[in-house]
Amino acid sequence: MKNIIYCDNAATTKTRPEVIESMLPVFSDCFGNASSLHKEGQKAKKLLDNARNTVSKALNCESSEIVFTSGGTESNNIAICGLADWAKENEPSKNHIITCITEHSSVRQPIKELEQKGFKVTWLKVNQEGFINLEELEKSITEKTLLVSIMHANNEIGTIQDIKSIGEICNSKSVFFHADAVQSAGKIPLDLKQNKIDLLSISGHKIYGPKGIGILYVKNNLKLKPLLFGGSQERGFKPGTENLPSIVGIAKALELKVLELEAEILKLRKFQNLLFTEIFKLPNMVLNGTPDLEKRIPGNINISFQNLDGDAATMKLNLNGICASSGSACSEGGIEPSPVIEALYLNDNSQKYLAYNSLRISLGLFNEEKDILIIAEAIKSLIN
Ligand SMILES: Cc1ncc(COP(=O)(O)O)c(C=O)c1O
């Protein structure tokens, strides 16, 4: 059987053995409910506290600021809708939200829902490299602005936004700042004491942890209205018995990623440069997003072909044992363009087709140098 080369780590990652090892005893030896007062319950409570401490150390924040959720989508929803619902009841004049058209759908969709319910929304555009304009952000803030939600790194093109400056702008105007860090946490430095962030989302399965588990950082004293009711777990923001095996798993995954951060960045930057050097001179191919690779998530390359749609490219690579992904999506009406790639070329009609033809390579922990040359050869043969 052909070896598979997995380079779709922005979609999901393989759970690493150390994480599985940390989780297994929780199923069998530490099955108690962390809210129970007996010995089994207290054992579970200790693991829960330890996991929260591990995560808070990795992010440099207080352990009381960590809320475990069911994933990135839930973290984003609790952050955005929880704050909006709270403001509606307590500060109704704050009815303006600022976000960006290239956010993940788990940010865009809840904000669209709020827009339908009467919130005013400013949808910031991006330049051709995928960056928002900080002056435009600052100018968009009014006395009615409640929240700015801007992702740390984009899931398709890997663009890293300047969250330090965004946080400072928001803080100076007394506006809350939520950052979706699902694609950046554990992959580039992220220090909550060095940044003025109020809410931040992380997902387990993007960092070699389990699926269906996430983290929401909620700054102490920040008020949110829960979206679910029926328990006081996780400060009431995520009621219900805690998913302890996965909580232990995500904490282990994040701890390892932060420990390995520098070495991983070096490795993935090297691979990213190597792949880029191999393919960037190919005819009929465009790099989507910034050519400054340092401003992309390590290991991310996103390209479009002139004459080949993204799904066809993905399927052809798949036949060669390479797992990558396209930004376009099949729907009943045909192929839907990638909204992220579309956003890069809003001012240039002649480039719009690129949104149908994009291919994302996202390298990760388990890739080796030899994979890169095989991927490059496969892309070259796609073009030929
Ligand atoms: C930037 C971003 N935010 C949020 C999510 C949603 O995370 P989850 O799959 O854990 O719900 C994803 C997943 O692709 C993502 O890339």
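**View A. Side-chain directions along strand 8 in the predicted model.** From strand 8, the residues Gly214, Leu216 and Val218 point one way, whereas Ile215 and Tyr217 point the other way, and all of these residues are buried. Because five of the five residues of strand 8, which covers residues 214–218, are buried, this strand is largely enclosed by the rest of the structure.

**View B. Pairing of strand 2 with strand 8.** Strand 2, made up of residues 66–69, runs antiparallel to strand 8, and the two are joined by four bridges. Within this pairing, threonine 69 of strand 2 is found opposite glycine 214 in strand 8.

**View C. Pairing of strand 7 with strand 8.** Strand 7, which comprises residues 199–203, is likewise antiparallel to strand 8, and here five bridges make the connection. Glycine 214 of strand 8 is the bridge partner of serine 203, and glycine 214 also stands opposite threonine 69, a residue that belongs to strand 2.

**View D. Contact between domain 1 and domain 2.** The protein is divided into domain 1, spanning residues 17–259, and domain 2, spanning residues 261–383, and the C-alpha centres of these two domains are 27 Å apart. To the contact between them, domain 1 contributes 22 residues and domain 2 contributes 22 residues. On the side of domain 1 that touches domain 2, the residues comprise nine that are nonpolar, eight that are polar and five that are charged.

Key: Residues numbered from 1 in each chain as written. Predicted model: local features only at pLDDT ≥ 70, side-chain atom pairs only at ≥ 80, totals over all residues. Domains from an automatic or database assignment. Contact = placed C-beta atoms within 7 Å. Nonpolar A, V, L, I, M, F, W, Y, C, P; charged D, E, K, R; others polar. Buried ≥ 20, exposed ≤ 12 C-beta atoms within 10 Å, placed from the backbone. Pairing = 2+ DSSP bridges.
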